[in-house]
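These are my notebook entries from one reading session. I set down what I looked up, one topic at a time.

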Amino acid sequence: MARAQGARAQMALAFETTYGTPPASGYTKMPFASTTLGAEQPLQTSELLGYGRDPQAPIKDAVTADGDVVIPIDADAFGFWLQAAFGTPTTTGADAPYTHEFLSGNWSLPSFSVETGMPEVPRFAMYSGCMVDSLNWQMARSGLLTATASIVAQGEEIATSTSVGTPATIALKRFGHFNGAIMRNGANIGNVVSADLTYANNLDRIETIRADGKIDGADPSIAALTGNVVVRFADQTLVTQAINGEACELEFSYTLPTGESLTLTAHAVYLPRPRIEISGPQGVQATFDWQAASDPLVGRMCTVTLTNYREDY
């Protein structure tokens, strides 16, 4: 009997025309490192009395389909997750390379279907009505650069054969921490140890009463862009900004030698006043848990620009 192994697992994604209806074709094979995406249905313990000490059979509770997908930040496939999180981008360029601009604040976000497959069992799980609740990643000096997409799905359907046919493949070109940079108001920030950023759509699940136990949808509410920056304490620039309550522009970017690039620009970032601790003889570090807001001049909270050789998303 074959046993499932993560090394043979597959994932394919396609955007839906109708929420909750998996497309018949148009799937793309997605690179991923791990996933917790799945459906679960807990049991409610019987509360009935008068049947002795042994309980009666439990009752099935509501079905919940959600989970996280850990994905590489690359020059091509990552654009699908950006489209799911921000909406359809505006693409410019007469020929390659093309520039795809994703804007925050869209009221209507696309839904998509994801199939995860374990062919040796075989087990192919189709998750329809998927939407990205949040997208998070960290910047550091070394290590593998990955992002985590938190997904809310409508439901799960299990089959013994794939429903996606032969998905399109992507030539993987990963960004690395070595390709990263952080700018503040157009100038490099010095002494940055690490950074973390999270874009959240704060989806509101529409949990209505249905015979199939699925949700009716997930509506985006007020978005949020938050994170932190850990810096070696060398000057008062960031502390002064925090004390004065002023906003700055933060830009997180990656650039490959072949020309592909990814840039997230938070147009109006506010910093809290941090506690400056001296914990020993080593260098002193300060952590700024920042929050972004809508910039009145730009008219939005953030812009994500992806430059690659893919014509559209």
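**Entry: salt bridges**

I began with the pair aspartate 66 and arginine 205, which form a salt bridge whose closest N and O atoms are 2.8 Å apart. I then located the partners: aspartate 66 lies in strand 7 (residues 64-72) and arginine 205 in strand 17, so that the pair links distant parts of the chain, 139 residues apart. The model is predicted, and I note that side-chain atom pairs were counted only at pLDDT 80 or more.

I asked whether the two partners are buried or exposed. Aspartate 66 is partly exposed, with a relative accessible area of 24%. Arginine 205 is partly exposed as well, with a value of 27%.

I next looked up arginine 123, which forms a salt bridge with glutamate 156; here the closest N and O atoms are 3.6 Å apart. Arginine 123 belongs to strand 11 and glutamate 156 to strand 13 (residues 155-159), and the pair therefore ties together parts that are 33 residues apart in sequence. The relative accessible area of arginine 123 is 28%, which makes this residue partly exposed. Glutamate 156 counts as partly exposed too, at 22% relative accessibility.

The third pair I recorded is aspartate 212 with arginine 210, whose side chains meet in a salt bridge at 2.7 Å, N to O. Aspartate 212 is partly exposed at 39% relative accessible area, and arginine 210 is partly exposed at 31%. Which residues are joined with this pair into one network? I found that salt bridges with shared partners connect Arg210, Asp212 and Asp216. For the whole structure I noted a total of 7 salt bridges.

**Entry: backbone exceptions**

I wrote down the background first: most residues other than glycine have a negative phi, and most peptide bonds are trans.

Where are the cis peptide bonds that I looked up? One runs from alanine 96 to proline 97, with omega near 0°. Proline 97 sits in the loop between strand 8 (90-92) and strand 9 (98-103). Another joins valine 121 and proline 122, with omega of about -10°. Proline 122 is placed in the loop between strand 10 (112-118) and strand 11 (123-139). I noted that strand 11 also holds arginine 123 of the salt bridge to glutamate 156.

I then turned to positive phi angles. Asparagine 185 has a phi of about 50° although this residue is not a glycine. I found asparagine 185 in the loop between strand 14 (180-184) and strand 15 (187-188). Its relative accessible area is 47%, and asparagine 185 is therefore partly exposed.

Asparagine 202 likewise has a positive phi of about 50° without being a glycine. The residue lies in the loop between strand 16 (192-200) and strand 17 (203-206). Asparagine 202 is partly exposed, at 34% relative accessible area.

**Entry: nonpolar cores**

Which residues have the most contacts inside the largest nonpolar core? I recorded Phe78, Trp81, Trp137 and Trp290, in a core of 64 residues. I followed tryptophan 137 further, leaving aside its neighbours within four places in sequence; among its contacts are Ile73, Phe78, Leu145, Ala195, Asp196, Tyr254 and Leu264. A second, separate core has 6 residues, including Leu109, Val152, Leu203 and Ala218.

**Entry: cavity**

I looked up enclosed space next. A search of the whole structure finds 1 cavity of 30 Å³ or more. The largest cavity holds about 50 Å³ of space. What lines the largest cavity? Its lining is made up of Ile189, Val229, Leu238, Cys248, Leu250, Leu271 and Phe288. By class, I noted 7 nonpolar residues, no polar and no charged ones.

**Entry: proline 274**

I closed with proline 274, in the loop between strand 21 (261-270) and strand 22 (285-292). Is proline 274 buried or exposed? Its relative accessible area is 14%, which means that proline 274 is buried, as the cut-off is under 20%. With neighbours within four places in sequence set aside, proline 274 is in contact with Val239, Thr287 and Phe288. I had met Phe288 already, in the lining of the largest cavity. Finally, I looked up a separation: the C-alpha atoms of proline 274 and aspartate 61 are 44 Å apart, and the two residues stand 213 residues apart along the chain.

Notes. Residues numbered from 1 in each chain as written. Predicted model: local features only at pLDDT ≥ 70, side-chain atom pairs only at ≥ 80, totals over all residues. Heavy atoms only, no water. Helix = DSSP H or I, 4+ residues; strand = E, 2+ residues; numbered from the N terminus. Buried < 20%, exposed > 50% of the residue type's maximum accessible area, 1.4 Å probe, protein only. Salt bridge = Lys/Arg side-chain N within 4 Å of Asp/Glu carboxyl O. 1 Å grid on protein atoms, 1.4 Å probe; cavity = no way out; pocket = protein on both sides within 12 Å on 5 of 7 lines; lining within 4 Å. Points joined across faces, edges and corners; volume = space filled by probe spheres on them. Nonpolar A, V, L, I, M, F, W, Y, C, P; charged D, E, K, R; others polar. Core = buried A, V, L, I, M, F, W, Y, C linked by side-chain atoms within 4.5 Å. Contact = heavy atoms within 4.5 Å.
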